[in-house]
Amino acid sequence: MAIFKDRNYLRVNLDKDADESLWMRCKSCGELVFKRRVRENSNICPHCGEYFFLTARERIESLIDEGTFKDISKPIVDADPLGFQDTKPYLQRVAEAQEATGLPSAIIIASAAVAGIPIVLGVMDFRFIGGSMGSVMGEQISYAMEEAIGRRCPFVLISSSGGARIQEGIFSLLQMAKTAAVRACLAEERLPFISIMTYPTTAGVQASIASLGDVIIAEKGAMIGFAGPRVIQNTISEQLPANYQTDSFAYQHGFIDRVANREDLRQELGKILGFFVEAR
Amino acid sequence: MSDEKTLDLLEAKIQELRELNKKDGIDLSNEILRLETKLESLRAEFYANLSDWERVKIARHPKRPYALDYLEAMFTDFYELHGDRLVGDDRALLVGLARLDGQPVAVLAQQKGRSTEENKERLFGMARPQGYRKARRAMALAERFSFPVVSLIDTPGAYPGLEAEAGNIGGAIAENLLAMARLRVPIVAAVIGEGGSGGALAIGVADRVVMLENSIYSVISPEGAAAILWKEKEKTQEAARSLNLTAPRLLELGVIDEVLPEPPGGAHRDFQRMAGLLKQSLVRHLAEIGTLPIADLLAARYRRYRSAGRYRTLSDR
């Protein structure tokens with residue numbers, strides 16, 4: 001797709017795309033609902049309360065003060081350090097994800113404000129190869145924390161990721177150490193890091209940056225954990241409880257500070273940030 | 001091209017002939033010598049052309065020397081410390097104090113079991129949260145008393161089980177990554193067998209990382225990658241190749257510092273020599289980084305991890 005040719009890096013804006021269909025059917029209650037209502041309702045079914053999936057862009061929109069969004073992502077895209085090919089070549093997979101999402105990578109880094117408090121924000125998009133963390137995401141998150149240090153403002157990360165980007169092999173594994181190392185700088189600078197875990201925050205992302213927040217909040221309905229249920233059943237054939245790796249499992253076992261409803265996240269975020277920083 | 005089984009078979013045959021030679025007094029020495037020469041050349045040829053999957057098998061070989069073997073051979077006075085002070089003592093990840101060439105060091109070591117019985121205890125070298133938290137306790141101790149840290153990595157991965165999940169194994173790994181990034185003592189890590197993903201990295205953030213020639217280090221097992229990406233178990237060998245998980249390849253990619261050559265056939269074929277080489281390497285690396293001012297060491301470690309990764313930079317509009 002032409003927009004991803006070199007020298008033409010796409011930045012995200014929040015202008016609404018023209019939407020061809022007006023109505024959608026809720027997969028949970030089966031009710032036909034008006035799409036605009038759903039959107040205005042943070043992608044929650046106005047009929048039954050089911051959470052629909054949020055793209056990174058929609059997530060940002062649902063969280064920040066209107067008109068404060070600026071995409072400050074580094075202009076970088078996935079390379080193919082290993083020449084990886086599974087059922088298709090890695091870079092073809094990347095190009096298809098770019099085309100499908102309109103995003104350069106699986107994460108957007110933005111400057112924005114929440115409740116009047118300027119923040120640097122990282123938001124993953126699960127549609128982009130499962131929101132997996134490869135070199136680009138690791139670099140973007142690291143850069144975002146450096147930007148937060150430069151601007152003396154909090155860092156907020158919204159995770160939605162299945163884990164490491166397998167196609168980058170050892171390089172994706174090392175992003176776990178990389179993001180943790182830069183996170184240490186943020187702590188030394190005494191700048192807050194709020195980590196918000198959404199559906200899903202698992203494996204390499206849960207076992208690194210997402211679990212290192214000063215405060216960790218899970219969105220209701222999040223999936224949080226390290227080894228997926230299939231891995232556990234295949235390896236040790238253990239029976240798993242019904243709430244395995246849900247927000248309530250993570251909460252009961254003390255991984256996270258709080259669980260918040262989607263519609264409350266914006267307010268919750270503003271409240272926490274307010275303890276650390278004065279609104280400008 | 002022979003496989004390992006054929007080589008073992010040939011070796012057994014030679015042994016039979018030797019016994020025949022001794023017992024019955026039939027002179028077979030020429031035949032034996034001829035076969036031995038043949039075996040050596042076949043073995044050399046086989047091990048010079050190992051596929052990545054064959055290396056994975058050597059890395060997981062049941063006879064492969066484990067951490068405790070190296071601990072015994074390389075260190076004096078290994079004094080094991082137990083327990084994470086929270087829930088228990090993990091037997092898959094051992095920590096303690098020891099002397100390396102007379103110098104006290106803190107040791108982190110992943111230990112697989114030799115027998116079924118031992119593996120019940122050691123969970124095949126897969127540590128649970130209590131293991132990673134015990135390791136973190138040992139790191140803190142090392143920092144407080146300025147002991148360099150030596151980490152021996154050999155794990156299929158962190159333990160995948162309900163108890164480990166309930167103990168927030170992901171969080172435990174993350175905390176170790178953070179701690180090691182800033183630990184104010186030199187850290188040298190050696191992958192002696194399997195470097196299985198986050199479970200390995202959680203004791204593997206270091207100033208120097210060395211690997212034994214037939215050890216592996218990967219974001220996921222070849223079996224896992226085959227299941228997730230190809231959705232076919234049969235693609236395991238292809239996955240092993242695609243992941244670039246061998247020591248020589250990781251050295252080429254610039255993510256490790258040294259590959260220690262193994263005796264033909266693997267470390268278990270001449271363990272004393274292997275242990276000697278590893279010890280020399282650890283001593284040398286610790287000597288090199290041990291003299292750096294700690295701020296320089298931390299800055300270099302930071303640069304090492306901050307720069308990890310490969311991507312393409314586009315010109316911004």
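Which residue in strand 6 of chain A is the bridge partner of A112(A)? That partner is I119(A), and the pair makes a good starting point for a walk through this predicted model. Residues are numbered from 1 along each chain as its sequence is written, and chains are lettered from A in the order in which they are written. In this predicted model local features need pLDDT of at least 70, side-chain atom pairs count only at pLDDT 80 or more, and totals for chains, interfaces and linings use all residues, while side-chain values use heavy atoms, with hydrogens and water left out.

Let us stay with those strands for a moment. Strand 5 (residues 107–114) and strand 6 of chain A run antiparallel and are joined by 8 bridges; two strands pair if DSSP finds at least two bridges between them. Helices (H or I, at least four residues) and strands (E, at least two) are DSSP runs, numbered from the N terminus. The two strands form a hairpin with 2 residues between them, and A115(A) in the turn has a positive phi of about 50°. Strand 6 of chain A also pairs with strand 7 (residues 155–161) of chain A, in the parallel sense over 4 bridges, and there G122(A) stands opposite L157(A). Because 7 of the 8 residues of strand 6 (residues 117–124) of chain A are buried, this strand is largely enclosed by the rest of the structure. Buried here means under 20% relative accessible area, exposed over 50%, and partly exposed in between (1.4 Å probe, protein chains only).

Next comes the meeting of the two chains. The contact (heavy atoms within 4.5 Å) takes 67 residues from chain A and 52 residues from chain B. About 5,200 Å² is buried between them, with carbon and sulfur atoms giving 67%; this area is the accessible area (1.4 Å probe) that two parts lose on being put together, summed over both. Strand pairing crosses the boundary too: strand 4 of chain A and strand 9 (residues 311–313) of chain B pair in the antiparallel sense over 3 bridges, with I76(A) opposite T313(B).

The rule finds 3 salt bridges across this interface, a salt bridge being a side-chain nitrogen of Lys or Arg within 4 Å of a carboxyl oxygen of Asp or Glu. R306(B) forms one with E139(A), the closest N and O atoms being 2.7 Å apart. R182(B) and E188(A) also meet in a salt bridge, at 2.6 Å from N to O. This pair crosses from helix 8 (residues 169–182) of chain B to helix 5 of chain A. R182(B) is partly exposed at 21% relative accessibility, and E188(A) is partly exposed at 46%.

Within chain B, R301(B) forms a salt bridge with D207(B), the closest N and O atoms being 2.8 Å apart. The pair links distant parts of the chain, 94 residues apart, with R301(B) in helix 14 (residues 294–306) of chain B. Both R301(B) and D207(B) are buried.

We can finish at Q245(A), in the loop between helix 7 and helix 8 (247–252) of chain A. This residue is buried, with a relative accessible area of 1%. Among the residues that Q245(A) touches, not counting residues up to four places away in sequence, are F226(A), P229(A) and E165(B).
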